[in-house]
Amino acid sequence: MSGISMVLVVIVAFFAGMEGILDEWQFHQPLVACTLIGLVTGHLTEGIMLGGSLQMIALGWANVGAAVAPDAALAAVASSIILVQGGQGVKGIGPAVAIAIPLAVAGLFLTMIVRTITVAIVHLMDKAAKEGSSKMIDFWQYVSICLQGLRIAIPAALLLFIPASSIRGMLEAMPAWLNDGMSIGGGMVVAVGYAMVINMMASREVWPFFIIGFVVAALSDLTLIAIGALGISLALMYLALDKGGSSNGNNNGGNSNTGDPLGDILDDY
């Protein structure tokens, strides 16, 4: 990997770390982070495929109260670097996905360290607020965000300093049964992540669409783009019919309950 590519990878990692908190441009999402790293290193195809696999896992990750989800940014960046440095191409995606899971859990430790530091920074901002110094408040805000970026950039830089030959040799030294097992395990984790999303979205009104999508994907040779277009069309049809049914019910003086609790709540707002 060239020096320019290494610098660009660290920059992508830095923005991915910041976006884990800002959540504005979605650089921390695996599909975006892996694609960008693949782009700057000349492995765009592998980056997109790895990002898509990891994104299916990360769809089921969410912060609930004090429970913090695994670090998707660190998992995406670190696994992308390992994939590129390993030099196995598409064959290395399975092991990279399997490696990403423990890296995501390990990232929680770095998150805890940075958030502990930011507690002290909050007190400094309180002091600046008492003094009426808005510039110092902004300064410490920028410092806190940059710490989140360094949380990913520093591990990425350390991984880049590991010789590619060492990573390639480690991956090639893995026995076939372990390599195949990691590939199968990575695929299973993707399925579990998507199942978690379905579990959160599932309702009486949504299940028929899941079944239709599964049948269309299993019994046809349609591409993911075609299946996605069908899904968007079905969603638009459902929204149009639901809105039409709600309007007719309200005009006739009937009950506005459509059987879709979430839809009824949104209609009330």
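**Local and overall features of an all-helical predicted model**

Q26 has a relative accessible area of 27% and is therefore partly exposed. This residue belongs to the loop between helix 1 and helix 2. The structure described here is a predicted model. Although Q26 is not a glycine, its phi is positive, at about 65°. Most residues other than glycine have a negative phi.

Two further residues of interest are found in the loop that holds Q26. Q29 is placed in the loop between helix 1 and helix 2. With a relative accessible area of 21%, Q29 is partly exposed, because the class of buried residues is limited to values under 20%. In sequence, Q29 and A16 are 13 residues apart, and their C-alpha atoms are 7.7 Å apart in space. The other residue, F27, takes part in the aromatic contacts described next.

Five aromatic pairs are present in the structure. One of them joins F15 and F27, with ring centres 6.0 Å apart and an angle of 55° between the planes, and this pair is classed as tilted. The pair connects distant parts of the chain: F15 lies in helix 1 (residues 3-22), while F27 lies in the loop between helix 1 and helix 2 (30-41), and the two are 12 residues apart. F15 is partly exposed, at 38% relative accessibility. F27 is also partly exposed, at 27% relative accessibility. A pair of the edge-to-face kind is formed by F139 and W140, with 5.1 Å from centre to centre and 70° between the planes. The angle of 70° places this pair in the edge-to-face class because that class takes planes over 60 degrees apart. F139 has a relative accessible area of 42% and counts as partly exposed. F14, F15 and F27 together make up one aromatic cluster.

The protein chain as a whole contains 11 helices and zero strands. Read from the N terminus, its elements run α-α-α-α-α-α-α-α-α-α-α. Of the 269 residues in the protein chain, 32% are buried. The protein chain exposes an area of about 15,800 Å², and 71% of this area is supplied by carbon and sulfur atoms. When contacts between residues at least 6 apart in sequence are considered, 69% of them join residues at least 24 apart.

Helix 2 and helix 3 were examined next. G38 is located in helix 2. The relative accessible area of G38 is 2%, so G38 is buried. Leaving aside residues up to four places away in sequence, G38 touches H43, L44 and G47. G38 and S5 are separated by 33 residues in sequence and by 10.0 Å in space, from C-alpha to C-alpha.

Helix 3 (residues 44-58) has 15 residues, and at 1.5 Å a residue it should span 21 Å. The C-alpha atoms at its ends are 20 Å apart, which agrees with the expected span. The expected value is 21 Å because the rise of 1.5 Å is multiplied by one less than the number of residues. The buried residues of helix 3 are E46, G47, L50, G51, L54, Q55, I57 and A58. These residues cover an arc of only 160° around the axis, so they lie on the same side of helix 3. An α-helix has 3.6 residues a turn, so residues three or four places apart point the same way.

Helix 6 (residues 134-160) contains Q148. Q148 is buried, because its relative accessibility of 6% falls under the 20% limit. Its contacts, not counting residues up to four places away in sequence, are with G17, M18, I21, V114 and R115. C146 is also found in helix 6. The C-alpha atoms of C146 and F15 are separated by 9.0 Å, although the two residues are 131 residues apart along the chain.

The cysteines were considered last. C146 has a relative accessibility of 34% and so counts as partly exposed. C34, by contrast, has a relative accessible area of 1% and is buried. A disulfide requires a pair of cysteine sulfur atoms within 2.5 Å, and by this rule the count of disulfides is zero.

Technical notes
Residues are numbered from 1 along each chain as its sequence is written. This is a predicted model: local features need pLDDT of at least 70, side-chain atom pairs count only at pLDDT 80 or more; totals for chains, interfaces and linings use all residues. Side-chain values use heavy atoms; hydrogens and water are left out. Helices (H or I, at least four residues) and strands (E, at least two) are DSSP runs, numbered from the N terminus. Buried means under 20% relative accessible area, exposed over 50%, partly exposed in between (1.4 Å probe, protein chains only). The arc is that of the directions from the helix axis to the C-beta atoms. Contact means heavy atoms within 4.5 Å. Accessible areas come from the Shrake-Rupley method with a 1.4 Å probe; for residues, only the protein chains shown count as cover. Rings of Phe, Tyr and Trp (its six-membered ring) pair if their centres lie within 6.5 Å; planes under 30 degrees apart count as stacked, over 60 as edge-to-face and the rest as tilted.
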